[in-house]
Amino acid sequence: MEQNDYLLVGHFTKDLIEKNQFQLGGTVYWSGKVAQLLGFSVKIFSSFGKDLKKRVFEDKDLKKIEIFYLFSKNSTTFKNVYVTKEGKRKQFLFSKAKKILTSWLLRKIKKEPKILHLAPVFQEVKPSLAKKFKSSFLGATLQGWLRKREKDFSVSFSFWKGYQKYLPLFDAVICSREDLKNDFQLAKQFSAHSKIFVLTQGEKGCLLFWQGKTIELLPQKVLKSGNFTGAGDVFAAAFFAKLFETKNPILAAKFANRLAFLHIQKGLENFALRKQN
């Protein structure tokens, strides 16, 4: 694939593992790595604090990715507590980085990218940003617009007000059943306002809502254990990239299922994405 711009907007996250230990996370992290391995020139617009700066700029997988950031007093800090082997989790949000300002981002962008992927993890980017891009392929992972924080710092579902006016702005959008609290009727409502809507279902693959049809696409094999962290973000970047290339959402969903499976089974560092077609 020739070099094309893939621009991501969202927070890198500080994902706590154990006391005084953490790993990088966030959709921009996982999707950015996949887009870069697929041959795109990747740019990430984010916001984080001093505690993440060194880790971000020294990460070997991000060396070829251009990163723009707003300095923040805090970084967005999560702790995920997995309650099943299949990757079901309870999530806590301990701090939030500064929101990503539309005016700042537009000053930094010299030309529209081929793909713009809005990737919020917690309300840090406005969906209306999509209105500023007229020629880009527009994709979004919706999870960050579907979350709120409770008094005990746990993350719970939040109904997305105004989704009817924002979803039509995008060429394709993705969220998980978990993001929607397994509310299939809400997924159908979202799909009614979307050009292409994908509902990921973990070990059950995904549902593709397209042209009035609901198409189930199963994974090649069900995995009961493995590295589930970031799998949805791997799926998202693979789906948007393949859809941009082929204009065929069924092929894109099959491709994304396969890469998410390989990520869970082996990890990104152990397979060559360019060879997956």
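Helix α5 (residues 184-192) has four buried residues, Leu186, Ala187, Phe190 and Ser191, where buried means under 20% relative accessible area, exposed over 50% and partly exposed in between, with a 1.4 Å probe and protein chains only. These residues lie on the same side of α5, because they cover an arc of only 140 degrees around the axis; the arc is that of the directions from the helix axis to the C-beta atoms. They pack against β11 (155-157), α4 (163-166), β13 and β14, contact being defined as heavy atoms within 4.5 Å. At the start of α5, the backbone nitrogen of Gln185 has a side-chain oxygen of Asp183 within 3.2 Å.

The model is predicted: local features need pLDDT of at least 70, side-chain atom pairs count only at pLDDT 80 or more, and totals for chains, interfaces and linings use all residues. Residues are numbered from 1 along each chain as its sequence is written, and side-chain values use heavy atoms, leaving out hydrogens and water.

Nine strands form an open sheet of mixed pairing, in the order β5-β4-β1-β8-β9-β12-β13-β14-β15. Its edge strands are β5 (66-71) and β15 (213-217), each paired on one side only. Helices (H or I, at least four residues) and strands (E, at least two) are DSSP runs numbered from the N terminus, and two strands pair if DSSP finds at least two bridges between them. Strand β14 (residues 206-210) runs antiparallel to β15 and is joined to it by five bridges; Leu208 has Ile215 of β15 as its bridge partner.

Two helices lie across strands of this sheet, as tabulated below. Axes are lines fitted to C-alpha atoms, for helices over the stretch in contact, and angles run from 0 to 180 degrees between N-to-C directions.

| Helix | Strands crossed | Angle |
|---|---|---|
| α2 (residues 50-58) | β4 (41-48) and β5 | about 175 degrees to β5 |
| α7 (residues 249-266) | β13 (196-200), β14 and β15 | about 165 degrees to β14 |

Lys43 belongs to strand β4 and is partly exposed, with a relative accessible area of 25%. Beyond its neighbours within four places in sequence, Lys43 contacts Asp5, Tyr6, Leu7, Leu8, Glu66 and Phe68.

The largest nonpolar core has 48 residues, of which Tyr6, Phe12 and Phe239 touch the most other members. Such a core is a set of buried Ala, Val, Leu, Ile, Met, Phe, Trp, Tyr and Cys residues joined through side-chain atoms within 4.5 Å. Helix α6 (residues 231-246) supplies the largest share of this core, nine residues. A second, separate core of 35 residues includes Ile100, Trp104, Leu118 and Tyr163.

Methods
A polar contact is a pair of N or O atoms within 3.5 Å; within protein, one must be able to donate a hydrogen and the other to accept it, and residues adjacent in sequence count only if both atoms are side-chain atoms.
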